[in-house]
Amino acid sequence: MIYKSYKKIDSLGRVHLPKDFRREIGLGENDDILIEVKENAIVITKAEENCVFCGKTDDLRSYKGKFVCADCIKILNTT
Ligand SMILES: [Zn+2]
């Protein structure tokens, strides 16, 4: 399904994300989001925890707010 909605940005740069949009991508209250600029668009996606080096999403360890997978930890420990 394609959703479209025209919104105004308030004086603090905020914009309301419609409930239908949030529900479509599984966003709930207090979920983290990733905001990226791609060409001339701002893309908002649900943030997923992934390794900062290879992008894997499984077997992660947290270090100072970043995630690193077990494989990359092994590589880091041998270099
Ligand atoms: Zn990794």
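Is glutamate 39 buried or exposed? In this model, which is predicted, glutamate 39 is exposed, with 5 other C-beta atoms within 10 Å, and the way to that residue leads through the whole chain, beginning with its general layout.

The protein chain averages a pLDDT of 90, and 100% of the residues score at least 70. Among the elements, confidence is highest in helix H2, which covers residues 70–78 and reaches 94, and lowest in strand E1, residues 33–38, where the mean is 88.

The chain is divided into two parts, with domain 1 taking residues 1–47 and domain 2 taking residues 48–79. Taken over C-alpha atoms, the centres of domain 1 and domain 2 are separated by 27 Å. Two helices and four strands make up the secondary structure of the protein chain, and, read from the N terminus on, these elements follow one another in the order α-β-β-β-β-α. The radius of gyration is 17 Å, well over the 12 Å that the globule rule gives for 79 residues, so the protein chain is more spread out than a compact globule. Along its principal axes, the C-alpha trace spans about 50 × 25 × 25 Å.

Two further figures describe how the residues of this chain are placed with respect to one another. Of the 79 residues, 4% count as buried. When contacts between residues at least 6 apart in sequence are considered, 0% of them join residues that are at least 24 apart.

Following the chain from its N-terminal side, one comes to proline 18, which is found in the segment before helix H1. Proline 18 is exposed, since 11 other C-beta atoms lie within 10 Å, and 12 or fewer is the cut-off for that label. Between the C-alpha atoms of proline 18 and aspartate 31, which are 13 residues apart along the chain, the separation is 15 Å. Helix H1 itself covers residues 19–24, and the loop between H1 and E1 holds asparagine 30. The phi of asparagine 30 is near 70 degrees, which is a positive value in a residue other than glycine. Asparagine 30 also counts as exposed, because it has 5 C-beta neighbours inside 10 Å.

After this loop comes the pairing of strand E1 with strand E2, residues 41–46, which runs in the antiparallel sense over six bridges. One of the pairs across these strands joins isoleucine 33 to lysine 46, its bridge partner in E2. Of the six residues of E1, the number buried is zero, so this strand lies largely in the open. Together E1 and E2 form a hairpin with two residues between them, and here the opening question finds its setting, as glutamate 39 has its place in the loop between these two strands. Its phi is positive, at about 55 degrees, although glutamate 39 is not a glycine.

Another hairpin is found further along the chain, where strand E3, residues 60–63, is joined by four bridges to strand E4, residues 66–69, the two running antiparallel. Across this pairing, arginine 61 stands opposite valine 68 in E4, while serine 62 stands opposite phenylalanine 67 in E4. The hairpin of E3 and E4 has two residues between the strands, and within it lysine 64 takes a positive phi near 50 degrees.

With both hairpins described, the reader may return to the order of elements along the chain, α-β-β-β-β-α, and trace E1 with E2 as one antiparallel pair and E3 with E4 as another. Helix H2, at residues 70–78, is the element in which confidence is highest.

Terms used:
Residues are numbered from 1 along each chain as its sequence is written. This is a predicted model: local features need pLDDT of at least 70, side-chain atom pairs count only at pLDDT 80 or more; totals for chains, interfaces and linings use all residues. Domain bounds come from an automatic or database domain assignment. The radius of gyration is taken over C-alpha atoms; the globule rule is 2.2 Å times the number of residues to the power 0.38. A residue is buried if 20 or more other C-beta atoms lie within 10 Å of its own, exposed if 12 or fewer, and partly exposed in between; C-beta atoms are placed from the backbone. Two residues are in contact if their C-beta atoms, placed from the backbone, lie within 7 Å. Two strands pair if DSSP finds at least two bridges between them. pLDDT is the predictor's confidence in each residue, from 0 to 100.
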